[in-house]
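Got your viewer open? Load the model and follow along, one selection at a time.

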Amino acid sequence: MYVVGLTGGIGSGKTAASDRFQELGIKVVDADVAARVVVEPKRPALKKIEEKFGSSLILGDGSLNRSDLREIIFKDEDSKIWLESLLHPLIAEHILDEIKNSRSAYSILVSPLLFETTQHQMCNRNLLIDVSIETQISRTTARDRVPEEQVKKIISSQMTREDKLAKTDDVIINEGDLNDLIKEVDSMHEKYIQLSNE
Ligand code: ATP
């Protein structure tokens, strides 16, 4: 199965681009969804998280209190490393299962952490959706109704555009309107159909 990894910083347009690939009939696997599935109630990983950090992290309905967990790992590097070594292999396994079930010519793996994890190693090729920091801020604040400062903080915690550009095979500059993005995705799609046939 030919797999294209799709990544980009916050508000760059990963979802908008992957929605178009999906419209073109391409199976889209979302690493964020996989990351949620592996800690669903009754999953072994959730039990391990509870044992490590205490039952206060489990909400009344048995689900994980994500914001409290985020706070813990934000403050403590060792906890972050522990959690990542627990979850990343499980997430990778779930992604691989999803890819195996794909019936389209190729599959897209959308992941904000494609290059930060080993997920890029599952891909034959990588596609970066790239925009300026100004565009990331204006589109994210408009979408989420959050303060600019909050978006800037997230941007500064993510891998830089330069580092991502250095690692990627393909780039779509998403500074135009949504129609421009669709045209760019359509032409990448043609290329991936060809590559997957080779
Ligand atoms: P995140 O990492 O936060 O999940 P993302 O990379 O998936 O973000 P999107 O949600 O696809 O980004 O795009 C961010 C916002 O910008 C959305 O509201 C989307 O509709 C809008 N957007 C994306 N591309 C364009 C474009 N070319 N023109 C106008 N708006 C756009």
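**Stop one: the ligand**

Select the ligand and A16 together: a polar backbone atom of A16 sits 2.9 Å from an oxygen atom of the ligand. Keep in mind as you go that this is a predicted model.

Now add G11 to the selection. Here a backbone N or O atom of G11 is 3.1 Å from a ligand oxygen atom. Next, pick D177, and look for a nitrogen atom of the ligand this time: a backbone N or O atom of D177 lies 3.3 Å from that nitrogen. With a surface switched on, you can look at how the ligand is covered: on its own it has 630 Å² of accessible area, and the protein covers 75% of that.

**Stop two: the shell**

Widen the selection to everything around the ligand. How many residues surround the ligand? You should get 14, and K14, T15, A16, R143 and N174 are the closest of them. Try colouring the shell by residue class: seven of its residues are polar, four are charged and three are nonpolar.

Which helices each supply at least two residues of this shell? Select 14–23 for α1 and 133–144 for α6, and you have them. The largest share comes from α1, with three residues.

**Stop three: α1 and its partner**

Hide the ligand for a moment and keep α1 on screen. Then bring in α9, residues 178–197. The axes of α1 and α9 come within 9 Å and cross at roughly 55°, so these two helices are oblique to each other. Turn the view to look down through the pair, and check the hand of the crossing: between α1 and α9 it is right-handed.

**Stop four: α6 and its partner**

Swap to the other helix from the shell, α6, and add α7, residues 148–157. How far apart are the axes of α6 and α7, and at what angle do the helices pack? The axes are 9 Å apart and the angle is about 130°, which makes α6 oblique to α7. Rotate once more to check the hand here: the crossing of α6 and α7 is right-handed.

To finish, bring the ligand back and show it with α1 and α6, each of which supplies at least two residues of the shell around it.

Definitions and conventions: Residues are numbered from 1 along each chain as its sequence is written. This is a predicted model: local features need pLDDT of at least 70, side-chain atom pairs count only at pLDDT 80 or more; totals for chains, interfaces and linings use all residues. Side-chain values use heavy atoms; hydrogens and water are left out. A residue is near a molecule or strand if one of its heavy atoms lies within 4 Å of it. A polar contact is a pair of N or O atoms within 3.5 Å; within protein, one must be able to donate a hydrogen and the other to accept it, and residues adjacent in sequence count only if both atoms are side-chain atoms. Accessible areas come from the Shrake-Rupley method with a 1.4 Å probe; for residues, only the protein chains shown count as cover. Helices (H or I, at least four residues) and strands (E, at least two) are DSSP runs, numbered from the N terminus. Ala, Val, Leu, Ile, Met, Phe, Trp, Tyr, Cys and Pro count as nonpolar, Asp, Glu, Lys and Arg as charged, and the others, Gly among them, as polar. Axes are lines fitted to C-alpha atoms, for helices over the stretch in contact, and angles run from 0 to 180 degrees between N-to-C directions. Angles under 35 degrees count as roughly parallel, over 145 as roughly antiparallel, 65 to 115 as roughly perpendicular and the rest as oblique. A crossing is left-handed if the near helix is turned anticlockwise from the far one by less than a right angle, and right-handed if clockwise.
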